[in-house]
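Please look over the sequence and the model shown here before reading on. The explanation that comes after is meant to be read beside them.

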Amino acid sequence: MLLEVVISALLVGLIAVGTFSAFDAAGKSTAGSRAHAQATVIAQQDEERLRGLTTTQLAQLGSVETARAENGYCLEQVSGAWHYWSKGSTWLCENPTGLSGSTYTYTVFTVTSSASYVTAEKGIEKAALTCEKSGGAANYLQTTSSVSWPSLGTHPPVSQSGIVTVPTSGVLLVKVLNQNNEPIEGATVTATGTGVNITQTTPASGCVIFGGLPAETVEVDAYKSPWVDKQGKSPPPTVPAPISTTSITEKTFYLGEPGTITANFESNKVTAGITGDTFYALQTEMASPTGYVGGTAGTYASSAALTGIEGKGIFPFVKVGKPAGEAPYTVFAGDCEANNPAKVTETGEKLKAHTVQVNPKGEPSVNVEAPALTVSVYEGTSAKKENLLKKSERAMIINKGCEKEKATAQNYTSGVVYKHNVEIKEGQLVQKYQPYAKELALCIVAEIGSKKWYKYESPTPFENKVKAGTNIGTFYMKATESGYEKSETAGKLTCP
């Protein structure tokens, strides 16, 4: 009898568990069906709301998330609790009469509202997003309302879409890409013109579209801090975009996370004790001017840095489809392309400049060659050791090759600095390591004796084209031939 009682109790328990499980499953199914049905209604309401917006509002919408109650009204969180919307009317939310600000405790639905331009179907070709279709038109705006809720789990959200015909107006498509031709998310794109001042942020596709524009030229720019364009500018300059009502206008911006370059000066493969002041970084992938000057003229150190325009870095060039090392900067001591060893030594040692690849956020270093210039300067007119010029009042190396070219660089608005202050001590050039060049000049001003000043300036340029260094000669400050001057007036004799 005891065994029969136990078995009966077990059977009753199994039946009860099954019955209540069925009730629970039915309850969950009913709740899920109810939430799904409510989500469908909310999606329909959101689509109606989107269709009530203007073309320009839809074009600026992008993708927006809102929290909504079962009745479709917007919600806001206040101290961790949900309340009906009370922040004033927007495109997608308004204060519900009689409910605004009151607490809401039921299912919270997340609604994602978006709008994208699409091209029309052509034959068997399906409609596609304009941003993803080369040469595509902007025939329609496709609105999409997607609704999810906490208990949905991994199931897909409820989604509805609609098509809005684009009225006859101008459409501008702007793509923002990086150095690898990949889309950039989070770039700010602005279009301005007569009665036009619109800003959008690029989504993952790196593309935004402005609709409802007048048939005129607007100014467009794309910016993402601290990224730079191919010329190293941040933000990049605006570009004009002529708007047409018969075709889509496209503009593409290239931005990259900037890097920098450090140049270490060497001479004949020696770096210890070698100093220099400036170096040039040449990049043929860049529009004219095709390079930057790193360092500061007249400030000598073992190395110098290139940080681009206003210290914002330089663009990390690559050639799409090829290894990153395929687009390096060519780096050499000096102020302009005239100092490139490949040009200076093409009829002699046939030397080449070093190259370095700049990657996003990269800080590569590279050695640059600066051959030694030796000189002997005497106070009088004879080469006696005791007559060596103790100290120059002013001295300068003039890079005439860059002066002759009227050289410019991306980080110099009115031509590069081609005059480099130096010193003469004990008859020797202190800053003797100078760039390869076909045209250099030396200027020296010194006070010798009481209130008597003497000046020497190279009457003809000299070369610095041998890796082992160059002796440019012996100079006598009191000489009277070409290139020498004297004065008894302070400040009259100056280097250019």
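What follows goes from the overall form of the chain to its helix α1, then to its salt bridges and its aromatic rings.

The model is predicted. Its protein chain contains four helices and 30 strands. The radius of gyration of this chain is 37 Å, well over the 23 Å that the globule rule gives for 496 residues, so the chain is more spread out than a compact globule. Taken along the principal axes, the box filled by the C-alpha atoms is roughly 130 × 75 × 50 Å. As for burial, 43% of the 496 residues count as buried.

Helix α1 covers residues 2–51. Leucine 11 has its place in this helix and belongs to a nonpolar patch on the surface, together with Leu3, Ile7, Leu10 and Leu14. The accessible area of these residues together is about 530 Å². Leucine 11 itself has a relative accessibility of 48%; because exposed residues need over 50%, leucine 11 counts as partly exposed.

Helix α1 also holds a salt bridge between the side chains of arginine 51 and glutamate 47, at 3.8 Å from N to O. Why are arginine 51 and glutamate 47 separated by about one helical turn? The two residues are four apart in helix α1, and this spacing accounts for the turn between them. Their surroundings can be compared by accessibility. Arginine 51, at 45% relative accessibility, is partly exposed, whereas glutamate 47, at 2%, is buried.

This salt bridge is one of 14 in the structure. Another joins lysine 312 to glutamate 310, with 3.6 Å between the closest N and O atoms. Is each partner here exposed, partly exposed or buried? Lysine 312 is partly exposed, since its relative accessible area is 31%, while glutamate 310 is exposed, with a value of 70%. A further salt bridge links arginine 394 and glutamate 393, whose closest N and O atoms are 2.9 Å apart. Arginine 394 has a relative accessible area of 30% and is partly exposed; glutamate 393, at 36%, also counts as partly exposed. Asp46, Arg49 and Arg68 are joined into one network by salt bridges that share partners.

The aromatic rings come next. A pair of such rings is described by how far apart the centres are and by the angle of the planes. The count of aromatic pairs in the model comes to ten. One aromatic pair is formed by phenylalanine 317 and tyrosine 329, with 6.1 Å from centre to centre and 65° between the planes, an edge-to-face arrangement. Which parts does this pair tie together? Phenylalanine 317 lies in the loop between β17 (303–306) and β18 (329–333), and tyrosine 329 lies in strand β18, so the pair ties together parts that are twelve residues apart in sequence. Both phenylalanine 317 and tyrosine 329 are buried. Elsewhere, Tyr73, Tyr84, Tyr104 and Tyr106 make up one aromatic cluster.

Aromatic rings also meet charged side chains. The charged end of lysine 224 is placed over the ring of tryptophan 227, at 4.6 Å from the ring centre. In the case of lysine 230, the charged end sits over the ring of tyrosine 254, and its distance from the centre of that ring is 4.4 Å.

Note on methods. Residues numbered from 1 in each chain as written. Predicted model: local features only at pLDDT ≥ 70, side-chain atom pairs only at ≥ 80, totals over all residues. Heavy atoms only, no water. Phe/Tyr/Trp six-rings, centres within 6.5 Å; stacked < 30°, edge-to-face > 60°. Buried < 20%, exposed > 50% of the residue type's maximum accessible area, 1.4 Å probe, protein only. Lys NZ or Arg CZ within 6 Å of the ring centre and 35° of its normal. Patch = residues over 30% accessible without salt bridge, like charges linked within 9 Å, V, L, I, M, F, W, Y side chains within 5 Å. Areas by Shrake-Rupley, 256 points an atom, 1.4 Å probe, with all protein chains shown as cover. Salt bridge = Lys/Arg side-chain N within 4 Å of Asp/Glu carboxyl O. Rg over C-alpha atoms; globule rule 2.2 N^0.38 Å.
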